[in-house]
Structures are given as structure tokens and as C-alpha cells.
Amino acid sequence: MDPHLPAPRALTVVQLPDGTYTYTEPASLPAQQVPQQVVQHIHQAPPDRTVQRLALGSGIGAGAVAAGVYFGPLLVGALTAIAANLAILAFLAVALTWGVVTVVKSVGGPDGKAAASSLRKTRRG
């Protein structure tokens, strides 16, 4: 070491408030405050997996559980579509029957009224 040079000092890198970095001596730094630690516990209920637990506990494999999870909503959707189609068909049957009865009553005269009443009786029975 060269005796004419000053003794090396320990320097610390510090980030200034404007974002730049500089070297400084640790003794010139202000005493750092220890941030207060806040412990927050967040409790959240786990999702309900009763069916999966029962299925896995009864010895069936994970493939069957996955199939149930995948095909269950598909089955519900298919049954809903079928029910909607049946409701539309029932509405059409009622509307067409009402239309036929109305036309037969208005056009047919006494024979039409008798036919309409017999049609009404067969529909009720």
C-alpha cells in the first residue's frame, strides 16, 4: 500500500430520494427506524369439496372425480336445453289447438260448434 494515500474507508451505496445512487459512509447515515410490523390474519373458507372427498374416500379414482366435475355442468346444460324445447313445443300445441277451435267455431255454424265442443271435451279428458 502506498503510504501517501489515505486509509481505505468502508462506503455504503445509498439510494437518494430522487432515485439516484451515491456512496456514503455508514456513520453519516441517519439512524434507521425499524418499521412497525403489522400481522394480519385473513381467513377464507375453502371451497366445498364434499363430493370429491366422498368419491376419493370411497375408492374411485381421480379420473372419475374429474369426469364428474367436467360432465356435471354439461349434463345440467343439456337438461335445461331439453326442458326449454319441451316448453316451447307445449306452448305451440296450446296455441295451435286454440287457433283451430276458434276457426272451427267461427266458420262452421252449428256443426262447427258441436265439433268444437267435442274437441274441447277430448282435450280435457
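The exercises below, each with a worked solution, concern a predicted model.

**Exercise 1. The hairpin**

Determine how strands S1 and S2 run relative to each other, and state which residue of S2 stands opposite Val-14.

Solution. Begin with the two strands, S1 covering residues 12-15 and S2 covering residues 21-24, which run antiparallel and are joined by four bridges. Next, look across from Val-14, where Thr-22 in S2 is the residue that stands opposite. Finally, turn to the hairpin that S1 and S2 make, which has five residues between the strands and in which Gly-19 takes a positive phi near 100°.

**Exercise 2. The aromatic pair**

Classify the geometry of the pair formed by the rings of Tyr-70 and Phe-71, and decide how exposed each residue is.

Solution. The structure holds one aromatic pair. The ring centres of Tyr-70 and Phe-71 lie 4.9 Å apart and the ring planes stand at 80°, so the pair is edge-to-face. As for accessibility, Tyr-70 has a relative accessible area of 54% and is therefore exposed, whereas Phe-71, at 48% relative accessibility, counts as partly exposed. The cut-off that separates these two classes is 50%, since exposed means over 50% relative accessible area.

**Exercise 3. The nonpolar patch**

Locate Leu-96 in the secondary structure, decide whether Leu-96 is buried or exposed, and name the surface feature to which Leu-96 contributes.

Solution. Leu-96 is found in helix H2, which covers residues 62-124. With a relative accessible area of 60%, Leu-96 is exposed. Leu-96 then belongs to a nonpolar patch on the surface, together with Leu-75, Leu-79, Ile-82, Leu-86, Ile-88, Leu-89, Phe-91 and Leu-92, and the patch has about 960 Å² of accessible area together.

How values were computed
Residues are numbered from 1 along each chain as its sequence is written. This is a predicted model: local features need pLDDT of at least 70, side-chain atom pairs count only at pLDDT 80 or more; totals for chains, interfaces and linings use all residues. Side-chain values use heavy atoms; hydrogens and water are left out. Patches are made of residues with over 30% relative accessible area and no salt bridge: like charges are joined within 9 Å, nonpolar side chains (Val, Leu, Ile, Met, Phe, Trp, Tyr) within 5 Å. Accessible areas come from the Shrake-Rupley method with a 1.4 Å probe; for residues, only the protein chains shown count as cover. A salt bridge is a side-chain nitrogen of Lys or Arg within 4 Å of a carboxyl oxygen of Asp or Glu. Buried means under 20% relative accessible area, exposed over 50%, partly exposed in between (1.4 Å probe, protein chains only). Two strands pair if DSSP finds at least two bridges between them. Rings of Phe, Tyr and Trp (its six-membered ring) pair if their centres lie within 6.5 Å; planes under 30 degrees apart count as stacked, over 60 as edge-to-face and the rest as tilted.
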